[in-house]
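Here is a quick walk through a multi-chain model, from one sheet out to the chain contacts. Keep the viewer open as you read.

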Amino acid sequence: MATPIVVDSHPLDAILRADRIPHIWCPGCGIGIAMRCYAQAILDSGIPLDNHVVVSGIGCSGRVAGYMKIDSYHTTHGRAIPFAIGLKLANPNLAITVFSGDGDLAAIGGNHLIHAARRNVDISVICVNNFNYGMTGGQLGPTTPFGARTSTTPYGSPEFPFNFPYLLAASGANFVARWTTIHVRHLKRDILYMFGKPGFSFVEVLAPCPVGFGKLNYIAEGLDEMLLYKERCVIADGIPLDELGIDLRADQPIYVGRFVDRDLPPYKPVRLEDIK
Amino acid sequence: MRKEIRLAGFGGQGIGLAGLILGKAFSLYDDLEAVMTQAYGPEARGGASSTNLVVADRPIDYPFVQEADILVTLSQEAYTRFRPEAKPDALVIIDEDLVQPSSQDTCLGIPATKLAEDLGRRIVANVVMLGFFTATAGVIKREAVEKAIESSVRSSVVELNMKAFNTGFEYAHQTEGDL
Amino acid sequence: MTSTGVLVGKHFYQGDEACAEGAIAAGCRFFGGYPITPSTEIAERLARRFPEVGGVFIQMEDEMGSMAAILGASAAGARAMTATSGPGFSLMMENIGLAVMMELPCVVVNVQRGSPSTGLPTLPGQSDVMQARWGTHGDFALAAFSPWSPQEMFDLTVHAFNVADRYRVPVLLMADEVVGHMVERVVVPPEDQIPKWERKRPDPKRKDSFKPFLAEDPDLVPPLAHAGEGYRVHFTGLTHDEQGYPEMDAEIHHRLVTRLVEKISHNAEKIVRTEDHFMEDARIVVIAYGSTARSARRAVKDARREGVPVGFLRLVSLWPFPIKQFREIADQVDAFIVAEMNLGQMALEVERHVRRPVTGVYHAGGAMMPPDRILEAIREVANRGDTHRR
């Protein structure tokens, strides 16, 4: 039997609420990897930790707010983005990151998502996309691929999913990227980039959810999905946005990369001195 | 003392502004209480528009005009619609070029729109009417209305509006014999 | 650049305008809202005025977003407000609950119109008063006020911010279309006469041991740390312990919810406001609030001229309900009449607290209650003999 290794410290001690660990996520879940990238980006950002704020909605990814040792707001389902807008506009010195899931941000919060991108409010969004509602046991979400099985689409989903980069680009975001939980260096790099990017920036993180989604779709283990990403992901910066839909079943590439990086003016509250 | 005043005309005649000026005159520049109410929504667009004022020498409980003591109308439609709702013996003031009152009705008339056109701006017909109202209704001091005009219109048009007010006020005195 | 921007002096304001000016005078510098009749003039005035005073005005995509945005602004330290009417109020319920649970101060103005559903957008109602009390799910307590004049749209907006900040609770200003749209004199006092109750703030020297939901004071209100101050707080809508961490535990849940409710009920005397007239000899009391109270006062005056010993009690605050005032009065009078622009909502609450007959004068909304209807009810109750001579 192996001897357990006990350590006194962890590289992320400064930024994680150690007293809240172990986390609630299932074995093989990808959210922790995305959170790790976010945490490392914060440490590397040079922005004081006290100025970083994380806002989340409801769902597995929404629990990230509870593990980060920074000011953290775990809001209602879908409303993380407008809550974050209030924080940012009331205190523009804060570096606000919304960390939440695809269901929270694109279904119940979908209207807020596109309008925040349209306004180009200066916040960063990390959207973990695991193709289903994991917290409630694996139901159809707005990103569930066509034909995929979930507990509410037992015969395969009859709906088409959102293509996040296409949606966000059309809505007006300044920065849109997609990575997976195997692309940890790219992901951390782009989260760091978002902190310095004025306007609305968004990174989609494809992540395994073996318990909620994988087991019904022949990706039984988290590692299987990581291998799938490794084999099929193609870095394709600048590819036409309408080709970025995801079909996990077909023998198709999954495109990742930076798809939008532009400098539309960010949202600014109206001030009389700016008009005169 | 409680007086109910209704100003009515069609959209674009500045009925709302006239009511606001009068309300300010009563409640800010005289020692009276005044409440102004207006109809809102689809029913307030097009057709007859009205502004209603209740004026009293003590706090006003019920703020709406029920039976107007004074009715000022700048359009036939407004007259036709609101005359029956006013008191039978109400003081009725009309733009005599725009309103043909019923034969039994005793009204005070002024060609407010024409006088405003003579001043070069038809849009001040409402303020001409306010001048005439002030001179004839006997419910508000001239100075109070003048102060209210000054504080309600853009500074570039204060002079024009004062002229309009004076025109209406003087018209009442010129025609005193007819009243 | 921020400036106080308070327009001290006498004005002839619409109720909605007075509310906006009250917000500015109270130091509110964040408004997130969605246009809806008959509250829109509040947003319109703040859209024009906030840029002058350094406030943030943002028109959100819907009322759920509006409510979330003002909570975010509140968490960052701003006095924040939104304004709406029935349909939008329903959409705000979700995050009013979040405000209760996170104990984030905010002010929500509901200029009530005829309801349910789309109802009568341009015409008055008072049928959201129970929704104000019980609208979001769960057990909770908050404060709600009912202005009856443009002057009170100003004064009670200031008071609403003070109560919200002092007790870390969402405060609702339950106006109605009559009061929102009528124009009347409003006196804006000099700034040093505008009351300001501050948020209770944590001790920076105890930053490391700070527990954001630990209420050590008898008022049950924990100090509020704002985002960016270094307290590294965690706020959640989940049931949480004193540190703010989620806990799925019945005892912690019971303790939290009980404190959230008692925080208001124990401090009710400092929050509630009522106004009464002619109570010295009253055997019958007419209860009303908002615009209906104007009709009620007129009816009471008319009835007294007819010799009926009737008094007038106005609910300036609806919630918490002024239980103490009612219990005191109930011992001295024989009957109550409740007049309201709904089919009997606050009357239920009056019935709960007085062991005297309660007669309702109800109208579903769409027009201000005519004083004569209340006068008739007073005459009926007087003749029916509920009023005994002692």
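In which sense do strand β4 (residues 124-129) of chain A and strand β6 (residues 201-206) of chain A pair, and over how many bridges? They pair in the parallel sense, over six bridges. To find the register, look for A:Ser124, which stands opposite A:Ser201 in β6(A). Bear in mind that this is a predicted model.

## The sheet and its helices

Now zoom out to the open sheet of nine strands that holds this pair. Its order is β7(A)-β8(A)-β5(A)-β6(A)-β4(A)-β3(A)-β1(A)-β2(A)-β10(C), and the pairing is mixed. At the edges stand β7 (233-235) of chain A and β10 of chain C, each with a single partner strand, so one side of each has no neighbour in the sheet. From one strand to the next, the twist averages 20°.

Two helices of chain A to look at here are α6 and α7. Helix α6 (residues 164-171) of chain A packs on the sheet and touches β4, β5 (175-180), β6 and β8 (254-261) of chain A. The direction of α6 makes about 170° with that of β5(A). Helix α7 (residues 184-196) of chain A also packs on the sheet, touching β3 (95-101), β4, β5, β6 and β8 of chain A. Its direction makes about 165° with that of β6(A).

## Chain A overall

Chain A has nine helices and eight strands. The radius of gyration of chain A is 18 Å, close to the 19 Å that the globule rule gives for 276 residues, so chain A is as compact as a globular protein of that length. Along its principal axes, the C-alpha trace of chain A spans about 65 × 50 × 30 Å.

## Where A meets C

How many residues does each chain bring to the contact between A and C? Chain A gives 33 residues and chain C gives 39 residues. On the side of chain A that touches chain C, the elements giving two or more residues are β2 (71-74), α3 (80-90), α5 (110-119) and α9 (272-275) of chain A. The largest share there, eight residues, comes from α3(A). By type, that side of chain A splits into 14 nonpolar, 12 polar and seven charged residues.

Strands join across this contact too: three bridges link β2(A) to strand β10 (residues 234-236) of chain C, and the two run parallel. For a landmark, A:His74 stands opposite C:Thr236 in β10(C).

## Where B meets C

Here, 14 residues of chain B are in contact with 17 residues of chain C. The elements of chain B that give two or more residues to this side are α1 and β2 (33-38), and the largest share, five residues, comes from α1(B). The side of chain B that touches chain C divides into eight nonpolar, four polar and two charged residues.

Two bridges join β2(B) to strand β9 (residues 183-188) of chain C, and these strands run antiparallel. B:Val35 stands opposite C:Glu184 in β9(C).

## A helix pair inside B

Helix α1 (residues 15-28) of chain B packs against helix α5 (residues 142-150) of chain B at an angle of about 120°, with the axes 8 Å apart. That angle makes α1(B) oblique to α5(B), and α1(B) passes α5(B) in a right-handed crossing.

On the α1(B) side, the residues are B:Ile21, B:Leu22, B:Lys24, B:Ala25 and B:Leu28. They meet B:Ala144, B:Val145, B:Ala148 and B:Ile149 in α5(B). This contact comes out as eight nonpolar, no polar and one charged.

Terms used:
Residues numbered from 1 in each chain as written. Chains lettered and ligands numbered in written order. Predicted model: local features only at pLDDT ≥ 70, side-chain atom pairs only at ≥ 80, totals over all residues. Contact = placed C-beta atoms within 7 Å. Helix = DSSP H or I, 4+ residues; strand = E, 2+ residues; numbered from the N terminus. Nonpolar A, V, L, I, M, F, W, Y, C, P; charged D, E, K, R; others polar. Pairing = 2+ DSSP bridges. Axes fitted to C-alpha atoms, helices over the stretch in contact; angles between N-to-C directions. Parallel < 35°, antiparallel > 145°, perpendicular 65-115°, else oblique. Left-handed = near helix turned anticlockwise from the far one by under 90°. Rg over C-alpha atoms; globule rule 2.2 N^0.38 Å.
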